[in-house]
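Colleague: I should like to learn how to read a structural model of this kind. May we go through it feature by feature?

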Amino acid sequence: MILDSFLVYALLGGIGLAVVAGPLGCFVVWRRMAYFGDSLAHSALLGVALGFLLSIDLTFGIAGTCIVFALAIVGLQEQRRIATDTLLGILSHTALSVGLVALSLMGSMRVDLLGYLFGDILAVTPQDLVTIYIGGALALVVLAAVWRDLLAATVHEELARAEGVAVFRARLVFTLLLAVVVAISMKVMGILLITSMLIIPAAAARRFARTPEGMAVLASTVGILAVALGLSASLRWDTPSGPSVVVAAFSLFLLSLGLAALRERAHISPAPRSADRPGRTGP
Amino acid sequence: MSPDQAPLVAATGICKSFGRREVLHDVAIEVRPGEIVALIGPNGSGKSTLARILLGILAPTTGQVVRRPGLRVGYVPQRLPIDIVLPLPVSRLLTLTAPASREAMIRALEEVGAPDLLDESASSLSGGELQRILLARALLRDSDLLVLDEPTANVDFNGQIDLFELIGRIRGRHGCGVLTISHDLHLVMAATDRVICLNGHVCCEGVPGTVSKHPAYLQIFGPHAATSFAVYTHDHDHEHGLDGAVVPAHGHDHDHDHGHSHSHDHPHGRGGKTARP
């Protein structure tokens, strides 16, 4: 049986995205930036509107808008006048609404709004694949370059700074990477579901990882599995593809919780760690 | 003055304001190689702010900080909460900002008396264990200057004494300068070459014995502080040797503690009161 080409494109697009989303998603989870990722994704709709208005490639429109949005948030955070979650709440919904208003004002042009909100993985073209893989590879290379600095800044920002880590640069680069990933994954996952691909695989990977790097690789693997499972389900039961991938990812997350619980029961050594260590001879 | 006796870090005329509140006013401080300097002061006296300025984490509003060229700093922050969601073995915590071989890591851990923690998860460490790991990090980095912010904050009393002895031995072996920040007066004093008493400005400065009788010191910490200091040094010399083993911070060695607990609690309470001169 020959797979339909659109299905192959969908699978390749989803896999490319999952590979990039794994390590980046780990940092989103470690740095507690889930809401930030969501807000960034919401601003992407404004990018779509701008892309149409300026008649430029939508990916560039989205990437540009997300980058400006991300820089604005990083800049406003430095002010420390408004709590970050309030700030994100204001900006994210405003960006989403302005995007919707702008799209509606374009009148005659028919825009597939649902496609932007929830993604249309089955409409992925070879050109989209090129965007995903080139953008994704670049993002991974840059992330690898700032990995140590970013991890140090995540563990303890002041410690990192005292030891000469360029903390602000690492944070800025990471924010820009997130913007790029949101832009390239828009077509596949849609505005409302992008964050799930960052967070759910990372969360599922946590229980089985012993190192940060291990968790990143595992998160990518879980993401790939979720894409494959979700697409198969979508094909079989004719369900929307993006949400099917998310549901698959969530199932894997539940499975990871179950497996972790089983494993903990298998290793019956819940005694306090310090008790079996030498040096403690009692009072 | 020989070149290696030049200060590791020297700050002069440091003022720092947050908004309209001036936290530090015209503070001067320096740390030389091989010297243990204790920065003491009540809560809100600007000790941590001053340390952050010396470390280059914060910029002073006015004033100058001169670090010796190529200075390597080992920083032991007051708390290092490691989120359970981040899988971080001790070995990765040790190599957070610079790589190191496994042998070097084991050597550093042995030196701080925690050789079997290398593959433990950092989020499961006790307060005392974490302090040792952070010290091992500083050793691995071959630091010229150790800066410890309230190193005993999450460590029980016996652990505190072990920790200060450890810091003293590290200084002796590596010749690095040490700056500790504390409001635990008596403990600091026993292990220290020079005490700087801070309360927005430098109130007094000198060897522990002198400072503990200084009027400015007594005004801030109360007359009991001087006696509790004396009690501690006595006990310290006779009772508490370190065998290099890990002493869990939650160990319940209460029979050991009793002799100390009075003198220990006093300055704690007083430190909380911000007595502005």
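Modeller: We shall begin with the fold of one chain and then turn to individual residues and charged pairs. Please keep in mind that this is a predicted model.

Colleague: Let us start with secondary structure. How many helices and strands does chain A have?

Modeller: Chain A has 11 helices and zero strands. Followed along the sequence, its pattern is therefore a run of helices, α-α-α-α-α-α-α-α-α-α-α. The radius of gyration of chain A is 21 Å, close to the 19 Å from the globule rule for 283 residues, so chain A is as compact as a globular protein of that length.

Colleague: What does the C-alpha trace of chain A span along its principal axes?

Modeller: The spans are about 80 × 55 × 30 Å.

Colleague: What share of the residues of chain A is buried, and what share of the contacts joins residues 24 or more positions apart?

Modeller: Burial is judged by relative accessible area, and a residue under 20% counts as buried. In chain A, 48% of the 283 residues meet that description. Of the contacts in chain A with a separation of 6 or more, 76% are between residues 24 or more positions apart. The accessible surface of the chain is about 13700 Å², and carbon and sulfur atoms contribute 67% of that area.

Colleague: How are the charges of chain A placed on average?

Modeller: Chain A carries 19 positive and 16 negative charges, and their mean positions are 10 Å apart.

Colleague: I should now like to understand charged pairs. What is the general idea?

Modeller: Side chains of opposite charge can pair when their charged atoms come close. Over all chains, the structure holds 18 salt bridges. One of them is formed by the side chains of A:Arg32 and B:Asp83, at 2.5 Å from N to O. A:Arg32 lies in the loop between α1 (5-30) and α2 (34-53) of chain A, while B:Asp83 lies in the loop between β5 (73-76) and α2 (90-94) of chain B, so this pair joins two chains.

Colleague: Are these two residues buried or exposed?

Modeller: A:Arg32 is exposed, at 65% relative accessibility, whereas B:Asp83 is partly exposed, at 22%. The backbone of A:Arg32 also deserves attention: its phi is positive, about 55°, although the residue is not a glycine.

Colleague: Which other residue has a positive phi without being a glycine?

Modeller: A:Ser55 is such a case, with phi near 40°. A:Ser55 is in the loop between α2 and α3 (58-79) of chain A, and its relative accessibility of 64% makes it exposed.

Colleague: What can a salt bridge tie together within a single chain?

Modeller: Consider A:Asp149 and A:Arg169, whose side chains form a salt bridge of 3.4 Å, N to O. A:Asp149 is in helix α6 (residues 126-155) and A:Arg169 in helix α8 (residues 167-189) of chain A, so the pair ties together parts that are 20 residues apart in sequence. In chain B, B:Glu150 forms a salt bridge with B:Lys47, with the closest N and O atoms 4.0 Å apart. B:Glu150 lies in the loop between β6 (145-149) and α5 (157-174), and B:Lys47 lies in helix α1 (residues 47-55), so this pair ties together parts that are 103 residues apart in sequence. Both partners are buried: B:Glu150 has 7% relative accessibility and B:Lys47 has 6%.

Colleague: Which residues are linked in a network of salt bridges?

Modeller: A:Glu157, A:Arg161 and A:Arg171 are linked in such a network.

Colleague: Which side chain of opposite charge is nearest to A:Arg206?

Modeller: The nearest is B:Asp83, 7.4 Å away; A:Arg206 is buried yet has no salt bridge. A:Arg206 belongs to helix α9 (residues 194-206) of chain A. Apart from its neighbours within four places in sequence, A:Arg206 contacts A:Met215, B:Ile84, B:Val85, B:Leu86 and B:Pro87.

Colleague: Finally, how is the surrounding of a buried residue read, taking B:Val27 as the case?

Modeller: One looks at its accessibility and its contacts. B:Val27 is in strand β2 (residues 21-31) of chain B and is buried, with a relative accessible area of 0%. Beyond its neighbours within four places in sequence, its contacts include B:Ala11, B:Ile14, B:Leu50, B:Leu198 and B:Val202.

Notes. Residues are numbered from 1 along each chain as its sequence is written. Chains are lettered from A and ligands numbered from 1 in the order in which they are written. This is a predicted model: local features need pLDDT of at least 70, side-chain atom pairs count only at pLDDT 80 or more; totals for chains, interfaces and linings use all residues. Side-chain values use heavy atoms; hydrogens and water are left out. Helices (H or I, at least four residues) and strands (E, at least two) are DSSP runs, numbered from the N terminus. The radius of gyration is taken over C-alpha atoms; the globule rule is 2.2 Å times the number of residues to the power 0.38. Buried means under 20% relative accessible area, exposed over 50%, partly exposed in between (1.4 Å probe, protein chains only). Contact means heavy atoms within 4.5 Å. Accessible areas come from the Shrake-Rupley method with a 1.4 Å probe; for residues, only the protein chains shown count as cover. Lys and Arg count as positive and Asp and Glu as negative; His and the chain ends are not counted. The place of a charge is taken as NZ of Lys, CZ of Arg, CG of Asp or CD of Glu.
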